[in-house]
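Open the model in your viewer and keep the sequence panel in sight. The stops below go from one selection to the next.

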Amino acid sequence: GRRLQAQDLEYDTLPAESDNVRINAVDQIVVDTETPVLNWVTVVGRLAFSRDRHTVLRAASVLVWGDLELGTPDDPIPPNATATIELYGDTDAHTVVMDEGLFLVNKVIAVLGTLQAGGAPLGAEPWTKLAAPAASGDTTVVVRGDVSAWPVGGLISIGATEYPSPPATTQT
């Protein structure tokens, strides 16, 4: 695909902070930079991320009707590059209407097309479970299995495993 250029987006310049960006159906664009915080990014064509550098797409919402690709199993993002989407916005931001009956708020990647994401193999299982509960503020966690092949300084994500019971309600 082509590199992201101003004429691809019907702008005289590259998108600026808070711009709405639309990737048209005939366009195949490659993100090869770190963008400012955009408003809505609508992908009707194809938006892919570069394989040879660190890239960041910053937006309030990303709406995908076409193809969004952050690496594939056959062509992953290599270890010397990153493809990141950062979402921004306030809880009272404008509601996005994607389709009749499909209302979304900000900080969402909504995919009604296709999304592919694939990075370089870690050489180890990419997930594990905690061996002991982690408390808020902990700086160390204990996990099950061998994660020695995980990159030092890499990011991890820990999902909730316990949820409080919903509050009691009374109905008559």
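Select Val111 first. This residue is partly exposed, because its relative accessible area is 32%, and partly exposed covers the range between under 20% (buried) and over 50% (exposed). Val111 lies in strand E11, residues 108-111. Keep Val111 selected and add Ile109 and Leu115. Together these residues make a nonpolar surface patch of about 210 Å². Remember that you are looking at a predicted model.

Next, go to Thr72. Look in the loop between strand E7 (67-70) and strand E8 (82-87). Is Thr72 buried or exposed? Thr72 counts as buried because its relative accessible area is 14%, and the cut-off for buried is under 20%. Now show side chains. The side chain of Thr72 reaches the backbone nitrogen of Asp75 at 2.8 Å. Which residues does Thr72 touch, leaving out those up to four places away in sequence? They are Arg51, Gln116 and Gly118.

Move on to Val143. Find this residue in the segment after strand E12 (114-117). Val143 has 27% relative accessibility, so this residue counts as partly exposed. Select Thr128, Lys129, Leu130 and Ala131 as well: Val143 touches these four, not counting residues up to four places away in sequence. Then draw a distance from the C-alpha atom of Val143 to that of Pro133. The two atoms are separated by 9.6 Å, and the residues are 10 apart along the chain.

Zoom out to the protein chain. How many helices and strands does it have? The protein chain has 0 helices and 12 strands. Buried residues make up 27% of its 172 residues. Turn on the surface. The accessible surface comes to about 11,500 Å², and carbon and sulfur atoms hold 53% of that. Contacts across the sequence are worth a look too. Of the contacts in the protein chain with a separation of 6 or more, 41% link residues 24 or more positions apart.

Finally, color by pLDDT. The mean for the protein chain is 82, and 82% of its residues reach 70 or more. Which elements have the lowest and the highest mean pLDDT? Strand E1 (residues 2-3) is lowest at 48, and E7 is highest at 98. Then select residues 166-172, where the pLDDT is below 50. Beyond near neighbours in sequence, this stretch has 0 contacts in the model. Where pLDDT is low, do not read the predicted coordinates in detail.

Notes: Residues are numbered from 1 along each chain as its sequence is written. This is a predicted model: local features need pLDDT of at least 70, side-chain atom pairs count only at pLDDT 80 or more; totals for chains, interfaces and linings use all residues. Side-chain values use heavy atoms; hydrogens and water are left out. Helices (H or I, at least four residues) and strands (E, at least two) are DSSP runs, numbered from the N terminus. Buried means under 20% relative accessible area, exposed over 50%, partly exposed in between (1.4 Å probe, protein chains only). A polar contact is a pair of N or O atoms within 3.5 Å; within protein, one must be able to donate a hydrogen and the other to accept it, and residues adjacent in sequence count only if both atoms are side-chain atoms. Contact means heavy atoms within 4.5 Å. Accessible areas come from the Shrake-Rupley method with a 1.4 Å probe; for residues, only the protein chains shown count as cover. Patches are made of residues with over 30% relative accessible area and no salt bridge: like charges are joined within 9 Å, nonpolar side chains (Val, Leu, Ile, Met, Phe, Trp, Tyr) within 5 Å. A salt bridge is a side-chain nitrogen of Lys or Arg within 4 Å of a carboxyl oxygen of Asp or Glu. pLDDT is the predictor's confidence in each residue, from 0 to 100.
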